[in-house]
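Subject: Handover of a structure and summary of findings

Dear colleague,

Please find below the structure that I am handing over to you. My account of what was found in it follows directly after.

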Amino acid sequence: MIKSMSKKSPSKTKGNNLNHELTPSQIVESLNKYIIGQNEAKRAVAIALRNRWRRQQIKDTMREEILPNNIILIGPTGVGKTEIARRLAKLSNAPFLKIEASKFTEVGYVGRDVESMIRDLTDISVNMVKSEKTGEVQAKAEQLAEERILDILIPPVKKVGPSGADADPNSEAYQNQKTREWMREKLKKGEMDDKMIEFDAAAQTAIGMQVLGPFGMDDMGINIQEIMGNIMPKKKKKRKTPIKEARVVMTQEEAQKLIDMEAVQKEAIQRAENSGIVFLDEIDKIVGSGGKAQGPDVSREGVQRDLLPIVEGSNVNTKYGVVKTDHVLFIASGAFHISKPSDLIPELQGRFPIRVELKSLTEDDFIKILTTTENALLKQYNALLETEGVQLDFTDDGIREIAKIATEVNEQVENIGARRLHTILTTLLEDILFDVPDKLPSETVKITSEFVKGKLDSIVKNRDLSKFIL
């Protein structure tokens, strides 16, 4: 049913065309390629992502009333919270910002204020739209850049005389045109790429300004560079580069001229408001200690209170215009080792109605992470050593032994989830990574359970040592 709907109702926002093509089950399927387990979290973010597109298909009267259901992902470190967010960003093709809640401080303290995250999201949105528009005018920009290069190599002759006089093969204009066409062919074939050329390029003027106080220009929503650039004429500087490099510079300049920045900014604000996603990491770090402690805790509850209007819906001034946050989706995450989600102030808890608890990873999960994901660690190490002509052959019992040790160490010391695999593999393969290529072993190195035990058993048994090495 959903597939047929998405075919009949094409998305109105170009930036979301990937969104509406992916159903929740397809989103989960895509996430499964990179993240093992955590099906509840995947389902929650998949539904939230699909709902962004669904809302935009509804008539205006109802559309404004439908607010996103913000999500809190709860779970220990290394179980996939951030990875889910990273992969969701690539799938969503929507403005996406990942930021740590611990960066913010209550207004009046030194640090970033919470509104800066919406300004950052808008910057990302503008860059996305600008990149898309640049792609649309790329072919035209390349043609204009080619003309500029030809004008430098073979300056055009001013056409004079009655209409049709230029058709005379003996005329200077006709000869000039033929020479330019001949040179154009050579440029297209790349035969002139290494020839040096001098041309005028726009100079980047860096404007320095000291800002007294806790806020920078980004926090104030002022684009000083743009203001000063409009007042002062744009400078040109002579550059001498090979034609290959000059073509890139000129194409960028021509593309900038072809893009309507007002339209870009307008579309970017609309996209940030309706499709923007903010991933607020480490939200447990802004839970106060209930007045039991002094010092660093003093502004934590203040940060929570500052977050309330942003998450609920407010207007934020940015250098591109006012951005409404009513329909921005917020996904928060935290380990909540020391605190609990219920320790957040009640008003903020109410802003995150969907809570998903991510599970600790098991031995079988570790085996899948090592072997089946698209960016599996074993594939990464194999790719690194293949550059030196060495092939790693991990046997099934060797892989299981690595997963078993990772599980044991996580239980005994600190549970850092899948990150434990990085430390274990680095220790396991340290000698091989060091010896190659000076002491090149056989072309294939077999990693068996005996090999793994020989390298790691003493570390695992010595609990004190494992704290430092693993």
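The protein chain contains 21 helices and 11 strands. Please bear in mind that this is a predicted model. Of the 470 residues in the chain, 44% count as buried. Taking the contacts between residues at least 6 apart in sequence, 79% join residues at least 24 apart.

The central sheet

I would suggest beginning with the sheet. Five strands form an open sheet, and their order is β2-β5-β8-β1-β9. The pairing is parallel. In general, strands of a sheet pair through backbone hydrogen bonds, and the pairing may be parallel or antiparallel. The edges of this sheet are taken by β2 (96-100) and β9 (354-357). Each of these two has a single partner strand, so one side of each is left without a neighbour in the sheet. On average, and with direction ignored, neighbouring strands of this sheet are turned by 15° against each other.

Strand β5 and its partners

Strand β5 covers residues 277-281. In the order of the sheet, β5 stands between β2 and β8. With β8 (329-334), β5 pairs in the parallel sense over four bridges. Two of the residue pairs may be named here: I277 has L329 as its bridge partner in β8, and F279 has I331.

On the other side, β2 and β5 run parallel and are joined by five bridges. In this pairing, L97 stands opposite V278 of β5, while K98 stands opposite F279 of β5. F279 is thus found in both pairings, with I331 in β8 and with K98.

How enclosed are the residues of β5, buried or exposed? Five of the five are buried, so β5 is largely enclosed by the rest of the structure. Both faces of β5 are covered. On one side lie I277, F279 and D281, on the other V278 and L280, and all of them are buried. For the edge strand β2, four of the five residues are buried, so β2 too is largely enclosed by the rest of the structure.

Helix α6 and the second largest pocket

Helix α6 (81-92) links the sheet to a pocket in this description. The helix lies across β1 (71-74), β2, β5 and β8. With respect to β5, α6 runs at about 165°.

The second largest pocket has a volume of about 660 Å³. It is lined by 29 residues, and the closest to its centre are G78, G80, E83, A418 and R419. The elements that give two or more residues to the lining are α6, β8, α16 (377-386) and α18 (419-428). Which element provides the largest share of this lining? That element is α6, with four residues. By class, the lining has 11 nonpolar, 10 polar and eight charged residues.

Individual residues to look at

Some backbone details are also worth listing.

- The peptide bond from V436 to P437 is cis, with omega near 5°. P437 is found in the loop between α19 (430-435) and β11 (444-447).
- Q38 has a positive phi, near 55°, and is a residue other than glycine. Its place is the loop between α3 (24-32) and α4 (39-57). At 9% relative accessibility, Q38 counts as buried, because the cut-off for buried is under 20%.
- N93 likewise has a positive phi, near 50°, in a residue other than glycine. This residue is found in the loop between α6 and β2. With a relative accessibility of 26%, N93 counts as partly exposed.

Finally, R119 belongs to helix α7 (residues 116-153). R119 is buried, with a relative accessible area of 7%. R119 and A272 are 153 residues apart along the chain, and their C-alpha atoms are separated by 9.9 Å.

With kind regards

Key: Residues are numbered from 1 along each chain as its sequence is written. This is a predicted model: local features need pLDDT of at least 70, side-chain atom pairs count only at pLDDT 80 or more; totals for chains, interfaces and linings use all residues. Side-chain values use heavy atoms; hydrogens and water are left out. On a 1 Å grid over the protein atoms alone, a cavity is a set of points where a 1.4 Å probe fits but cannot get out, and a pocket is an open set with protein on both sides within 12 Å along at least five of seven lines; lining residues have an atom within 4 Å of a point. Grid points are joined across faces, edges and corners, and a volume is the space filled by probe spheres set on the points. Ala, Val, Leu, Ile, Met, Phe, Trp, Tyr, Cys and Pro count as nonpolar, Asp, Glu, Lys and Arg as charged, and the others, Gly among them, as polar. Two strands pair if DSSP finds at least two bridges between them. Axes are lines fitted to C-alpha atoms, for helices over the stretch in contact, and angles run from 0 to 180 degrees between N-to-C directions. Contact means heavy atoms within 4.5 Å. Buried means under 20% relative accessible area, exposed over 50%, partly exposed in between (1.4 Å probe, protein chains only).
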